[in-house]
Amino acid sequence: MATGSLGSFVHGDDEVLRALLRRRAAGSQPGARTEGQRIALVIGGGGMRGAYSGGMVAALDELNLRDCFDTVYGTSSGAFTAGAFVTGQGWGAGLIFQNHLACKAFIDVRRAAARGRPMVSLDYVIEVLTGANPMKWDVFLDSPIPLRVVATRLPDLQPHTLTGLETVEDWQVVMRAASSIPLLAGPPVDFGGDRWIDGSVSEPLAVGRALAEGATHVLTLLCRASTEVREQPGAGPAGLPFWGRSLDRLVPGLGTVANGSRRYSESLRMIRDVTHPGRGGAHLMAISPAQACGVSGLTIEVERVRRASDVGYRSVRAAAEAAAG
């Protein structure tokens, strides 16, 4: 079934949701699949826009769909949201944005102007996830649903999923590496002999990666409403406008991230076009927020952030109910 009947905020093939619902009905568990399918969840980043996808994974958790995925991919802030989902804390992924991150301790533009420090504090995020709202970091060490965190390697700006994670400390470093942008969210992070920055610089949505690693079905959660995404060619670093290329020369990755509304283009073309050569016959679906709530990557107005989380939650619930009907 085409997804037009599910609403303009759902893109692609609703067979992805149907496959998840079949697995739920059958009580299918990770590592014990027999139907020959591999279903991946892809969560994009976007700073405080992650409130949308936080609400989305809360809905997936409430629908008891977590164990129906085989792999989860997270980029930038989406890595933290993906981590909450994989560790069984998806129910609170939206709440953390409004309760803990919508504040100047996390985002304060004056820090950069007055003190030359990053305006986004990843130190604060790690502090929250180890204290006030603890992440179950140890679950990553033997989770039956692997989390693939995408980061960008310097200096070649190539995307990779970071591997060789053997301790909780490794996971905390990798989460930081996947979100670091000089001037904006901190300097490059050293890990595994390389230097890393935000994964969304090179691969904002890991749809192609999921397919390359064997996914037959991919559900992608977007943190931009359909009205906020411009699908057009040349959306990667090479296709940036002059101002974006200038920023990238000044600070690798900054211009690419700043031009965020265009960065989903290639993945959205693949999701929407059943004839796209990169699909290989796979079923692809993306869910956008059903409406824009005026939340940017740096928004800390609590009520807007709360609405974004609620819209994300309701968008997934509506899509799942329509697919089930």
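This passage describes the nonpolar core of a predicted model, its aromatic pairs and the surroundings of one helical residue.

The largest nonpolar core in the predicted structure comprises 95 residues. Within this core, the residues with the most contacts are Leu41, Met48, Leu60, Leu147, Leu219 and Leu221. Helix α12, which spans residues 302–324, makes the greatest contribution to the core, supplying seven residues. The surroundings of Leu41 were examined with residues up to four places away in sequence left out. On this basis, Leu41 touches Leu60, Leu219 and Leu221, each of which is also listed with Leu41 among the residues with the most contacts inside the core. Further partners of Leu41 are Thr71, Val72 and Tyr73, together with the two phenylalanines Phe69 and Phe85.

A search of the whole structure identified four aromatic pairs. One of them joins Phe69 and Phe85 in an edge-to-face arrangement, with 5.9 Å from centre to centre and 75 degrees between the planes. This pair connects distant parts of the chain, its members being 16 residues apart. Phe69 is located in the loop between α2 (50–62) and β3 (71–75), whereas Phe85 belongs to helix α3 (residues 77–86). Phe69 has a relative accessible area of 0% and is therefore classed as buried, the limit being under 20%. Phe85 is likewise buried, because its relative accessibility is 0%.

A second arrangement is found for Phe140 and Trp171, which form a stacked pair with a centre-to-centre distance of 4.5 Å and an angle of 25 degrees between the planes. Phe140 lies in the loop between α6 (122–130) and β4 (147–154), and Trp171 lies in helix α7 (residues 168–177), so the pair ties together parts that are 31 residues apart in sequence. Both Phe140 and Trp171 are buried. Together with Trp137, these two residues make up a cluster linked by ring pairs.

Trp137 is also a contact of Ile126, a residue of helix α6. The relative accessibility of Ile126 is 12%, and this residue therefore counts as buried, given the limit of under 20%. When neighbours within four places in sequence are set aside, Ile126 is in contact with Phe80, Gln172 and Arg176 as well as Trp137. For Ile126 and Gln172, the C-alpha atoms are separated by 7.3 Å, although the two residues are 46 residues apart along the chain.

Notes: Residues are numbered from 1 along each chain as its sequence is written. This is a predicted model: local features need pLDDT of at least 70, side-chain atom pairs count only at pLDDT 80 or more; totals for chains, interfaces and linings use all residues. Side-chain values use heavy atoms; hydrogens and water are left out. A nonpolar core is a set of buried Ala, Val, Leu, Ile, Met, Phe, Trp, Tyr and Cys residues joined through side-chain atoms within 4.5 Å. Buried means under 20% relative accessible area, exposed over 50%, partly exposed in between (1.4 Å probe, protein chains only). Helices (H or I, at least four residues) and strands (E, at least two) are DSSP runs, numbered from the N terminus. Contact means heavy atoms within 4.5 Å. Rings of Phe, Tyr and Trp (its six-membered ring) pair if their centres lie within 6.5 Å; planes under 30 degrees apart count as stacked, over 60 as edge-to-face and the rest as tilted.
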